[in-house]
Amino acid sequence: MLTMMKTLCNAVVIVLCCYGTAIGQDMLNRKVTLSMSEGTIEDFLKEITTKTDYTFSYINNDIQLKKKIKLDNTTGTIKEILDVLFDEQQIIYTVRDRRVILTAKKKESKEFTLKGIVKDRSSNELLPGAHIFIKELSIGATTNDYGFYSLTLPAREYELICSYIGHQSLQKVLRIDSDLTFDFALSNVDSVLNEVQITEEPENENIVSTDMSVNKPDLRVIKNMPGFLGEVDVIKSIIQLPGVTTVGEAAPGFNVRGGGIDQNLILMDEAPVYNSSHLFGFYSVFNPDAVKDIKLYKGGIPANYGGRLSSVLDVTQKEGNNKTFEGSAGVGIVSARAHIEGPIVKEKSSFLVTARRSYVDAFLKHIDAANLDEAYFYDINTKLNYSFNARNKVYLSGYFGRDVYRLGDDVNISWGNTTGTLRWNHLFSDKLFANFTAVYSNYVYAQGEPKGIYAYEGQRGIVSYNAKADFNWYLNPKHKLDFGISTLGYELEPGKIKPVDISEINAIDLSNEHALESAAYLSHTYTASTRLSFNVGLRYSIFQNIGPNEVYIFEEGKPRQISTIVDTLHAASGEIISSYGGVEPRVSMNVRLTEKSSLKASYNRTRQYLHFISNTTAATPIDFWKASDEYLKPEVADQVALGYFLNLKENMLQTSVEVYSKKIFNLVDYKNGADLLLNPAIDAELLQGKGRAYGLELMITKTKGKLTGWAGYTLSRTERLVNGPTAQEKINNGKYYPANYDQPHKINVVAIYELNKRWTFSSNFTYNTGRPVTFPEGGYRINNSFMPYYGSRNADRLPAYHRLDLAATLKNKFKPGRKWEGSWNFSLYNVYARQNAYSVYFRNKMRNDLQSSRQTEVVQLSILGTIFPSVTYNIKF
Amino acid sequence: MRYFFALCVSAILCTSCEKIIDIDLDHNPNLLVVEGLIGNLSEFYYVSLRYSTSYSFSDSTDISQPAIGAQVAIKDDLGNIARLSEWGPTLGVYRTDSLSPFRGTPGRSYYVDIITTDGKHYVSRPEIMRQPVPIDRLYSIYEPAEKGIPGVYKVFIDFTDPVGKGNCYRWLTQLDIFNMVNVDIDNDQFTDGKAITGRQLVGLQSFQPGLDTLSVVVRQASLTPEAYEFWEIFLEQYESQENAPYDIPPSPLIGNVYNVNDPDDYALGYFSVASMSQKKIVLRK
């Protein structure tokens, strides 16, 4: 008689039973002759039961019963027969009464590796950060920067769900009983036909992973956000995230959690970008057409990144479609763009070329007052890749950009970045992924006056070469190791000028600085259980300032200034002038509270050896980078952050609350009235102090549906302290003062609404406390001029800043078979024409009623104090 | 250069606008303001002592309070003391003695010593008087009126910068009996050791009513680098008080006079020690 019953733990236990007599412990040695020689294991077990009255019990999940077996010998002891039946499975037989319990040997059950890539179905574009979730184990994996994943799992059948933002999730049942390669190809939501109901599986990656303080803004949202004069801009978009601020509308760069603009590691295809701005900061160097993925780490910075204190903005360029050619072009008020990508060798190799150029100068030539003869910027992004085989792939990417401005015969300036990255992805084994990178990056600023007795040509800049190797070792879904080494060589040119025309000035050529920054790191991601996971990382970095160079020796016990230089030492080529280094622990932890919520904590230490020398509130292209040296110590930051993450409505709404506290040591500041340009003894002008920043960030993101976007609120403080031994080496009398970018309150709302397949509307609202400024605390007269007296630095503030932008995109009607798609973008910047303060200054106005009498006027200047409408036309093919 | 960026930005946008707002500026830190310059010429030297006011003022006259009744002296590194006494015509101004006139010697170092009536004791950081740099030539070129721009007498100076960096200059110009109040400074950062020809000092459009001649006296003062730096920041703050993002955030203009008993308590202004060379030309209509 046969009965079946279900038991605990989701495992079905089938008990085969039969009536008979007890045999004893040696029942396995009892001989039996079976009347069948072919069948499944289950059939044979039933046959033994019929022949012997022994019961078998087992968990059928662990034991394969459907396997067909052919017995050569139908007579033998039960053990002999079982041995043949389970020849390929490792089964232990235990006897209790008349019951034979079959157990699969747990530990020795074989594990196999499933690996592959996640890519876009239509373009084969690799998808970094895609999530693969294993339903049975409630555990997952994330693809690396090259779309690669590897999972080592016990043999059995699994249901896998692969998801990536902006793509339809893919569900796949895979039987893993050998090492396997499986590539997920996900369909882009935009490319899905109109009629098809989009079913995106919202992700809960934000709840599961140990990553915190990370923003991965959806490019679809960024591309739909209203831009200033219709220009979509990556950096202006991330300023809308909590914890990110800027000192002004047209200011370059961004500030993260109380960090300076130089404390952001800005990477474009792994190449550091030393100046990310076009047009004095109105726009950034990232052409959105070439960008695939953006990640902003505000805290919890993984150990593979180093060299900057406060954040990492990692921008990945597209590889290019390796299936078919596609392209796009656009014309707006500011610039024109063109983009093309396609296969070189189908499915093996592809390229991408993107270019844009502004043509503001075309208008400016007609404005006499502007007197700008040239004013434009352009950039070109290129990328090539080639897959030799499944284990080897090579990428070559390059960026070239320039800004050029010429003001008659008076002054001309230009600046730009050039970067090149060569990468080789190599799979050492199914579990060990490696990437070898060589990077070149160059920033140069040139300035000149072509005519007259002060005519000159000047230049300054930075060149870096980086070689690195990064490894991802996927031991099993619970353990992942990332490790690598990197070495960066710098040549910094602090400045030179040479006379031209009839100039009477002397040539100056400050000696270049040379430096080497090397690092090694190891990072372990450990998923202890579905409730607890850690990432423990350690980075060790070392920095060497290397000759040839001149080192000034200052008189001891006196403030460092040119007049206290007592000696100049000449360091020979290759001689190490100064050396710094240290460990940088990076730790983060995730405690999963419920299915939809988690608590995360992180600590990280970062070191920065390069300093950006700029003492204006907003950086200018003239500012330059300087290496740590004998006097200028590396900057060090410690940040702790705590966050609560909660997803609502089937992960549609992702909310987070984060608090952070950051301390910065050896922050660079400047003596009052410091002379920074072409100064051979620049060390004499620099001060080092401390910084502290703390804050609370609230964010809610809606990732799916017709309405997408985010809303954020930030409450924060950022302060600095410079307290040197003498009055000239103190700022604010040696007391804490608010940093230029301290903005205690900040609110941002970004919303994109897709009305239908043709119309998309977007809005962007921003509010923040005005930036700190220093107003006079009194006045006095010297040299017969009335002068303001400035006391405490940054004790006052500009009025609050707020602005609303709106945009609408209209796509042309869908026509089956048409090879191109056109769209109009209409945008309004500063919809309610708020006159936000760019600055507040004072002017002494002559009064008409009283002769030679003056009155102090407080003047607020707004630069974008009106509404800016714009229209852009884009075409895709 | 920063103005260039601001200019570019506003030129590109052509949209900047200004409005007058209200901010309370009625506070006064009551700081002592010291002004003085001593040199190697045989003449009277003055030290002016006043107090700061609030920044917001609307009076026709200088409302700052003079510091009267103070004890003021110039001291050198040899222990010599030259006392100054209150000068009648202007309150708060102290002058060197007419009976034992003070005259500086290049190479010696000097400082001012002030005790105010409230008992506070201020001194300046000593400065070494530098060697004077002779004026090679002082001359004027008349540029006739053109395109509605009136004719102008431009005054130029030629001099030879001594080899070795750190030479700092300030040109003080006297027109007839009036001292010009402009701050005209330069240093040899880019021109060390060179013969400088045709550096323009002033441009004059007209003479005093009823006069056919105008005498121009130029003193070329050799400043210390510290004094030069002070006037450089002075100019920066004077020319640009816009607080715009491309500006350097304003900071206190700290001079070289401080309270002996509290180095954090400093006086505003500067006490400068400079050697001078002088030339005179007469312009005719």
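Which residue of E21(A) does A:Leu267 stand opposite? To find out, select A:Leu267 in this predicted model and look across to E21(A), where A:Pro272 is the residue that stands opposite.

Keep that view and add the whole of strand E20 of chain A, residues 264-268, which pairs with E21(A) in the antiparallel sense over two bridges. Widening the selection further brings in an open sheet of five strands in chain A, whose order is E17-E24-E25-E20-E21 and whose pairing is mixed. Strand E17 (214-215) and strand E21 (271-272) of chain A stand at the edges of this sheet, and because each has a single partner strand, one side of each is left without a neighbour in the sheet.

Staying in chain A, select A:Phe228, A:Phe282, A:Tyr283, A:Phe377, A:Tyr829 and A:Phe868 together, since these residues form one aromatic cluster. Then turn to A:Tyr376, where A:Arg357 lies over the face of the ring, at 4.2 Å from the ring centre.

The next stop is where the two chains meet through aromatic rings. A search of the whole structure finds 48 aromatic pairs over all chains, and one of them is formed by A:Phe842 and B:Tyr55, an edge-to-face pair with 5.5 Å centre to centre and 75° between the planes. This pair crosses between chains, running from A:Phe842 in strand E57 (residues 839-846) of chain A to B:Tyr55, which belongs to the loop between strand E3 (46-51) and strand E4 (71-76) of chain B. If you colour by accessibility, both A:Phe842 and B:Tyr55 come out as buried.

Now move within chain B to B:Phe230 and B:Trp231, which form an aromatic pair that is also edge-to-face, with 5.2 Å centre to centre and 85° between the planes. Are these two rings on buried or exposed residues? B:Phe230 has a relative accessibility of 3% and therefore counts as buried, while B:Trp231, with a relative accessible area of 7%, is buried as well.

Select B:Arg137 next, and look at how its charged end sits over the ring of B:Tyr139, 3.7 Å from the ring centre.

Finally, zoom out to the whole of chain B, which holds two helices and 20 strands. Of its 285 residues, 49% are buried, and its accessible surface comes to about 13500 Å², with 51% of that area belonging to carbon and sulfur atoms. Among the contacts in chain B with a separation of 6 or more, 66% are between residues 24 or more positions apart.

How values were computed
Residues are numbered from 1 along each chain as its sequence is written. Chains are lettered from A and ligands numbered from 1 in the order in which they are written. This is a predicted model: local features need pLDDT of at least 70, side-chain atom pairs count only at pLDDT 80 or more; totals for chains, interfaces and linings use all residues. Side-chain values use heavy atoms; hydrogens and water are left out. Two strands pair if DSSP finds at least two bridges between them. Helices (H or I, at least four residues) and strands (E, at least two) are DSSP runs, numbered from the N terminus. Buried means under 20% relative accessible area, exposed over 50%, partly exposed in between (1.4 Å probe, protein chains only). Contact means heavy atoms within 4.5 Å. Accessible areas come from the Shrake-Rupley method with a 1.4 Å probe; for residues, only the protein chains shown count as cover. Rings of Phe, Tyr and Trp (its six-membered ring) pair if their centres lie within 6.5 Å; planes under 30 degrees apart count as stacked, over 60 as edge-to-face and the rest as tilted. A charge sits over a ring if NZ of Lys or CZ of Arg is within 6 Å of the ring centre and within 35 degrees of the ring normal.
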